[in-house]
Each structure stands twice: as structure tokens, then as C-alpha cells.
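Dear colleague,

I am handing over the structure below, and I would be glad if you could look through it with the notes that follow. They are meant for someone who has not seen it before.

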Amino acid sequence: VQLQASGGGLVQAGGSLRLSCAASGQMFRINLMGWFRQAPGKEREFVAGITWSGGTTSYADSVKGRFTIARDSAKNTVYLQMNSLKPEDTASYYCAADQTYIGRATAIDYWGQGTLVTVSS
């Protein structure tokens, strides 16, 4: 499975960005997709996840009410809509896919490359 992330950039606090992650390859190997982020000097942390079949979602407390994860099964693509961005959201964001669990960075089957999100104050 290959994951291609895009959509990062520079935005002012309070602004919005949308990240995209296109998946390809043996899609039968994944049931869950999501996003993690890693700020300089910090560990990679879970941001949001979604089940591929039913669209059930989960979010980190820090982004609830501001970020929305969604999938387009026809395009094999997952999106992360980020609203009301804060400087503390600044990080490299990584797309992830897994067969069984997507809440812990140490147990992910497939990673995409990072896309940098910078939020200026």
C-alpha cells in the first residue's frame, strides 16, 4: 500500500487548510486510515482516524470540533479538514493506514510522507 499526502502550507492562526492522502496498491490490506502529526522535538501523535468501510471517526481531544476527517472511497482518498488553526497545530502531518488499529504511532502498517503545516500567530 502506498500513501501520498498533500495539502500542507503556511496559514495564519484562525485559518483553514485541507490535507489529502491518496492510497494505492493492495487496498484490501487496510481497514483504517488516519492522520498523525509530529512537531519538532516531540513524539508523533494521533490526530484523527476513520474506518474505511463505515466511516466511523475518532479524534484527539486537542482537535475535536476543529478538524474533520472524511474519506472518498471511489478515489481511495482520505481528507483532513483543519479549521480554526492554532500555532500549536504546527507540525509535519503524516497519513497512516492499518488493518486493525490506528491510535498509536508505533503500530502502524503503512505511512505516507509528511506534509508540513505551519500556523503563524
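In what follows, a residue is called buried when its relative accessible area is under 20%. Please also keep in mind that this is a predicted model.

With that cut-off, C21 and C95 are both buried, and these two cysteines form a disulfide in which the sulfur atoms are 1.9 Å apart. C21 belongs to strand β3 and C95 to strand β9, so the pair ties together parts that are 74 residues apart in sequence. The link between C21 and C95 is left-handed, with -80° about the S-S bond, and a search of the whole structure finds one disulfide. For background, a disulfide is a covalent bond between the sulfur atoms of two cysteines.

Turning to the strands, there is an open sheet of six strands with mixed pairing, and its order is β2-β10-β9-β4-β5-β6. At the edges of this sheet lie β2 (9-12) and β6 (57-59), each of which pairs on one side only. Neighbouring strands of the sheet are turned against each other by 25° on average, with direction ignored. Following the sheet to the β6 edge, one finds that strand β5, which covers residues 45-51, pairs with β6 in the antiparallel sense over three bridges, and that I50 has T57 in β6 as its bridge partner.

The largest nonpolar core has 38 residues, and those touching the most other members are M33, W35, L80, M82 and Y93. Two or more residues of this core come from each of β1 (2-6), β3 (17-24), β4 (32-38), β5, β7, β8 (77-82), β9 (91-98) and β10 (110-120), while the largest share, five residues, is given by β9.

One further residue deserves a look, namely R66, which is found in the loop between β6 and β7 (67-72). Is R66 buried or exposed? R66 has a relative accessible area of 10% and is therefore buried, because buried means under 20%. Leaving aside residues up to four places away in sequence, R66 touches Q81, M82, N83, S84, L85, K86 and D89. One of these contacts, M82, is also among the core residues that touch the most other members.

With best regards

Technical notes. Residues numbered from 1 in each chain as written. Predicted model: local features only at pLDDT ≥ 70, side-chain atom pairs only at ≥ 80, totals over all residues. Heavy atoms only, no water. Pairing = 2+ DSSP bridges. Helix = DSSP H or I, 4+ residues; strand = E, 2+ residues; numbered from the N terminus. Axes fitted to C-alpha atoms, helices over the stretch in contact; angles between N-to-C directions. Buried < 20%, exposed > 50% of the residue type's maximum accessible area, 1.4 Å probe, protein only. Contact = heavy atoms within 4.5 Å. Core = buried A, V, L, I, M, F, W, Y, C linked by side-chain atoms within 4.5 Å. Disulfide = S-S within 2.5 Å.
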